[in-house]
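Let's take a friendly walk through this structure, a few spots at a time. Have a look at it first, and then we'll begin with a single residue.

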Amino acid sequence: MELSWSRWSNMVEEVIAYIIQMGDATAQLKQAFKDPAIIPALCAVMSSSQNPQIRQSAAVMLRMRVKKHWKKISPNDRESLKGVVLQAFMQESEHTVQHSLSQLCAVMVKHETPDRWPALLQLLSQSTKSSNPHDRQVGLLLLNKVMDSNPELFKPHYCQLLQLFSAVLQDHNNPTALYYCILTLTAITAYTGSEEMNQMRSIIPSLIVALKHLIKADQDQASEAMEVFNELMESEVSIILPHVADIVRFCLEVGSDTTLNDSLRVKALSCIAFLIKLKSKTVLKQKLLNPILQAIFPILTAAPPPGEQDPEDDEDDSGDGTDNDNPKHCAAQIIDTMALHMPPEKLFQQLMPLIQACLASDNPYQRKGGLLCLAVLAEGCADHIRTKMLSSVLQTVCQSLSDSNQVVRCAGLFALGQFSEHLQPEVSKYCAELMPLLLGYLSSLNQAKVGHVTKAFYALENFMENLGSDIEPYLPTLMDTMLSALNNTENLKIKELAVSAIGAIANAAKEMLVPYFPPVIESLKGFLTTTTEEMRPLQTQSLDTLSVLARTIGKDVFSPLAAECVQLGLNLTDTIDDPDLRRCTYSLYSAVSTVSPDCLTPHLTAITTVMLLALKSNEGITAHLEEDKTFVLLDDDDEDDKEEEKDVDDFLEDETETDVHDVAGFSVENAYIDEKEDACDALGEIAFNTGAAFQPFLESSFQQVYEMRDYPHEDVRRAAFGAIGQFCRAQHKVWKENPTEANHQALFKLLDMVLPCFVETVRTEHERQVVMGVLETMNNVIKSCKEEAFKNPSHLKEISHVIRDVLKKKTVCQDGGGDEADDEDQQAEYDAMLQEFAGEGIPLLASSVPADSFAPFLNDLLPLIMSKAKSSCTVADRSFSVGTIGEILQALVSVSGGRGVAGRLSNRLLPVLVAGVKDSDPEVRNNSVFGLGCLAQAAGPIVVSDYPMMLSVFSNLLAKESDLRVIDNLCAALCRMILSNMGAVPLEQVVPALVARLPLKEDLEENKTVFSCLAMLYTHSPDLIVKLMKPVVAASSHVLGNKDVDKETQDTVTKLIKDFAQHHSADFQSAVISLAGEQQAKLSTAISAS
C-alpha cells in the first residue's frame, strides 16, 4: 500500500491525542475519518507514533475500518496492509498495543482465511517456538486472539496446535504463556473431532499442573483459564473421563484453599457442580462422592471472619440472593446438584452422618450448615424425605427455631420454607404443630430487623400456601396480622411481605377469604395508583397478589373488578418503564382471562403489542466491551451504524458467522429474562381463554414465541414451548366452536409445525426441566386435540418413538448414549419424574387413535413400563408403572378395537396388577386395584375366567385394608367388574359388602362409576338394591350438592332417589328418617327439583 499519508499523518495523531484527552470527537473530525485515505494514515501512526496509547488507539480504529470496509480495499492494498500489521506487531514492545494489534489480525484472518496469509502462520510458528520467553508470550497472545475469533478456520492445523500446547503447558516459569495457551485450548475444544481426541486426553494432566502454576502467579487469570474444564465437559466429556478423579481433586483443593480469592474458589467449586450435573453416574462409579462431601462440608460450615457475617445473615439482606457468589453458597449448590442428579439412597448413605454430626455440634455455624444441607436436599430428594424421614427432619427444623443463635434460626426458617415448597402434601399434615409455631415466632420478632422478618415470612408463606381448607382456623389471626401490617406499618418492605402473604393465604383459603376481600382490595388499589420510585417493589407484589385473588376468590366476587384491574395494569405500564412491573401486569391479564375473558377483548391489541415487544426486545442485555468504546464515536456514519447494530443483533441471535470482536461477552438482567418468561406464559393462557377474540393476534404471537424456543435461558425456552402448546389448544377450541374448513386447516398447519418440534426438542435439549415442560405441554395438546393431532400418521410414530427413547434413557438430557452401564433400579428422582411425564403420554395416545393403530407401538412401550413394577424399584416407580397400566386400560375402554387389544394384553398385565394389590405401599395398591377394575372393563368377556381369582384378591384386601383411598378404588373396581359382566359376579355377596363401604371418602371422582353401577343394578335387580336402601340413600345424601362431584353423577343419583321415593316410598322414608337433618334436606331438595 502506498502510504501517502503526508497530509494526514500528523492530523490523525493529533486527533487521537485530542480524543484520548477529551473523550469525544467533533463532527468535523468524524467527517474526516470517513475518507478511505484514513487507513494508510492510521497504519503510519500505529507503526511510528512515540506514544503507546496513540499506537493502541490507531490499531483499534484501524480494526473498525477494516472490519467494515475490507471489501472496498484493493487486493494490492490488502497485501500491503497484512505486511504492515505484522511488521508493527513484531516491533511492538507494549503489551496493550500488542493486544490491539492481535485483535486487528483476528479481523483480517476472518476475511482472508489463514492459508491466504502464510506470513501470519510463519510468524505464529516462529514466535510460539522461540527460545525467548517474551517472544513465546507474544506469539501465544496473537495465536489466542486469531483463534478465539476464528476457531473453525484453523481446524486443519489442530493436530500441530495440540502438539504446541502440549509443549507450552510444560513452560511453568512463563505464566502469561500458560494463560494464553489455556485460553486458546478452550476456544478450540468445541470444534475438535475424533482425530484430536487422544491428543486432547493426553494434555489433561499437564493442564492441571499448569493451572496450579498459574494460580501462584495470577489468580484472576487462573480463574478465567479454569473455564477450560466447563468447556471440555460440555462439548467433549469423553476427553476428561479418564481424568475425572484428578480434575475433581484439583478443584476441591482450590475450592478449599482459604488463602485464595473467592472468585477462584467459586470457579473451582462450580466446575464440580457442573460435572455432577452432566456426569453424576461417573462421579458415583469412580467413588468420588465421599471425597467431594468431605471437602465441601468444612466450606459449608465455616464461620465468617471475626466481626463479619455471612451475606445471607446480614440484617440488611433483602433475601434476593444477590451476593451469592461465595464458596459457602457454592458448597450448598453442589449438594443441591447432587440431590437433583443422584439416586437418593446412594447420596443419603454418605451424607446423613455428616449432617447429623453438624446438627449435634456446639458450633452454631456447624448447626447452620446441617440445616442448609437439609434445605437444599428437599427439591431433588422430595420422595425419599417424604416417605422415609419427614417426621424426624421436621422435628429437627422446628427445634432449630428456638435455637439460642439467630444464624441457626434463620437457617431453620429457610429449611422450613424449602420443605413446605417441595414436600407436599405430607408436610401439610403437620399443620397443627407448625402453624402455631410459625405464628408465635412471627409475633415475637422485632419489626426493625427486616432481614429476619423476611425469612420468617418466607417460611410461613410457603407453608400456608398449600394448606387448603386446613387454613380455616388460623384465618382470623392471619388476616388481622396482615391487614394490620398494611395499615399501620411505615416500613414498605413489611407491607410488601404482608401483601405477598395475603396471596399465599388466598391460594389456600380461596372463597373463605371473601369477608376480607374489600379491605385488601382497597389497600392494593391505593398502592397501585401511586407513582413514586420507592413504591415499585410494593406495586409489583400488589399486582402479583391481585392475580392470585382473581384466580382464587371466586368468579362472582372478582368479575365486577376485572375491567378495572385491566385498566390499572395498562395505566401502570403506560407511565412506568419497569420490566418487573410489566411482567406482573402480564400475569394479571392472564388471571383475568380465566375469570372474565370478555374484559380483555377490547384491550388485546394493546396487551399483545406490549408482550410481543418484550419478547423482541434486547433491553437489559449488556455487551462487555474489550476496550474503551470512545473510538466508536469516530465510526458512526449511518451505514456503519446499521452494520454495528447488525453485529450485535447477529450475536444475540447466535449466528455462527458473527463478527463482534469488540464484545467480550454479554450479560442479561434477570428482570428482563423473567419478563420474557411471563410474557410467553401469559400469551398462551390468554390465547386459550379468549378463544376467537384472539384469532387476529394468533399468528404474530405464535411466530414471535416460536423464535424464543432457542433462547439462551432455559426458563424462557420452557415458557415458550408451553405457550406454543396453548396456541394449538386455542386453535382447536376455535375450530370446535366454529368448525369451518379454514379453522381446521389452520389447526393442522400448527400441529404439523409444533409436534415435530416438540419431539426434536425432547431428543436434543440439554436441560432436563425444559424437556419435562415440553413433554407436559405435548400431553396437554394431545389431551385437547385427540384424534386431530394424529390425522398426520407420522405424528403417532414420532411421538411413540420419542416416549420410548425417554423410557430407555436415550435422550441428550438423560446423559443418553452414556459411557457406562446403567444401574436400572436406582436413579435421581428428577430423572424418574422425566420418565413419568413421558409415560403419561401413553394413555393419551391410546385414547386418541383406534386401538389397532396404536397396538404395535404399545407392544413396544409396555415392557418398559412393566419393568418399573419390580419389587426392587422405588415406590414412585412402582406406583407410576401400575398407574400407567391402569390408565392405558381405561383409555382402551372407549376406543374402537380397544376390547380386542386389552384382551390380548390381559395375560401379561394380570400378574403385574395382582402383585401390586399386595404391595406394602398404599399408592401402589390403589393404582393396582384401579388397574384391575379397568382391565375387567376394557377386556370384557375375555377375562371372565379370571373373575374368581380377582374377586378373591379383592375380598382379602377388603378384609384388612385401612387406607381410605384404596377402599374407595376397591368399590369402584368391583363396580367396573359388575358393569362389564354382571353375570360373572356373585351379586348377593359382593354388592352388600360394597355398599357397606360407602360413601366414598377420598376418591370422589369414582362416585361416577359406583352410582352408574348401582343405577344399572336397580334396573336389572331392583330387589337387591331395595334391600340395601338404607346405606344407598345415606351414601347418596353425601353426593348430592357436593361441589367435588360432577353434574352427570349428581343427575344419576337424583334420578335414583326419585325412583326410590316414587316406587318404594315406605322403605325410602324409613331410610331418610335415620339421617341427620342436613342430609335429609339435601334429599328433599333433590326430589322436589324438577
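## A tucked-away asparagine

Asparagine 174 is buried, with a relative accessible area of just 3%. Keep in mind that this is a predicted model. Burial here means under 20% relative accessible area, so asparagine 174, at 3%, counts as buried. You'll find asparagine 174 in the loop between helix H9 (158-168) and helix H10 (175-189).

What does asparagine 174 touch, once residues up to four places away in sequence are set aside? The list is Pro133, Arg136 and Gln137.

## Next stop: tyrosine 179

Now move to tyrosine 179, which sits in helix H10. Tyrosine 179 is buried too, and its relative accessible area is 9%. Skip its neighbours within four places in sequence, and tyrosine 179 is in contact with Leu214, Gln221 and Glu224.

Here's a distance to try on screen: going from C-alpha to C-alpha, tyrosine 179 and leucine 169 are 9.3 Å apart in space. Along the sequence, 10 residues separate tyrosine 179 from leucine 169.

## Helix H7 and its two faces

Which residues of H7 are buried? They are Leu120, Leu123, Leu124, Ser127 and Thr128. These buried residues span an arc of only 110 degrees around the axis, so they end up on the same side of H7. Turn to the face of H7 that points away from its buried side, and you'll meet the exposed residues Pro118 and Gln126.

As for what the buried residues of H7 pack against, the partners are H5, helix H6 (95-112), helix H8 (133-149) and H9.

## H7 meets H5

Let's zoom in on one of those partners. The axes of helix H5 (residues 75-91) and helix H7 (residues 118-128) come within 10 Å, crossing at roughly 15 degrees. Angles under 35 degrees count as roughly parallel, and H5 and H7 are therefore roughly parallel to each other. The crossing of H5 past H7 is left-handed.

On the H5 side, the contact is made by Leu86, Phe89 and Met90, while H7 brings Ala119, Leu120 and Leu123. Sorted by class, this contact of H5 with H7 has six nonpolar residues, no polar ones and no charged ones. Leu120 and Leu123 are names you've already seen among the buried residues of H7.

## Another one-sided helix: H22

Further along the chain, helix H22 (residues 390-400) has its own set of buried residues: Leu390, Val393, Leu394, Val397 and Ser400. Their arc around the axis is only 120 degrees, which puts them on the same side of H22.

So what covers the buried residues of H22? The cover includes helix H20 (364-380), helix H21 (382-388), helix H23 (406-422) and helix H24 (431-443).

## Two cis peptide bonds

Between H23 and H24 there's a loop, and proline 425 is in it. A cis peptide bond joins glutamine 424 to proline 425, with omega at about 0 degrees.

Leucine 998 and proline 999 are joined by a cis peptide bond as well, where omega is about 0 degrees. To find proline 999, look in the loop between helix H48 (987-996) and helix H49 (1007-1020).

## H39 alongside H42

How do the axes of helix H39 (residues 793-807) and helix H42 (residues 851-866) cross? They come within 10 Å and cross at roughly 5 degrees. H39 and H42 are therefore roughly parallel to each other.

The contact draws on Leu796, Lys797, Ser800, His801, Ile803, Arg804 and Leu807 of H39, together with Ser853, Phe854, Phe857, Asp860, Leu861, Leu864 and Ile865 of H42. By class, the contact of H39 with H42 has eight nonpolar, three polar and three charged residues.

## Two lysines with positive phi

Two lysines round off the tour. Lysine 786 is in the loop between helix H38 (768-785) and H39. Its phi is near 45 degrees, a positive value in a residue other than glycine. Lysine 786 is partly exposed, with a relative accessible area of 30%.

Lysine 809 lies in the loop between H39 and helix H40 (829-839). Phi of lysine 809 is near 60 degrees, again positive in a residue other than glycine. Is lysine 809 buried or exposed? Lysine 809 is buried, at a relative accessible area of 11%.

Methods
Residues numbered from 1 in each chain as written. Predicted model: local features only at pLDDT ≥ 70, side-chain atom pairs only at ≥ 80, totals over all residues. Heavy atoms only, no water. Axes fitted to C-alpha atoms, helices over the stretch in contact; angles between N-to-C directions. Helix = DSSP H or I, 4+ residues; strand = E, 2+ residues; numbered from the N terminus. Parallel < 35°, antiparallel > 145°, perpendicular 65-115°, else oblique. Contact = heavy atoms within 4.5 Å. Nonpolar A, V, L, I, M, F, W, Y, C, P; charged D, E, K, R; others polar. Left-handed = near helix turned anticlockwise from the far one by under 90°. Buried < 20%, exposed > 50% of the residue type's maximum accessible area, 1.4 Å probe, protein only. Arc of directions from axis to C-beta.
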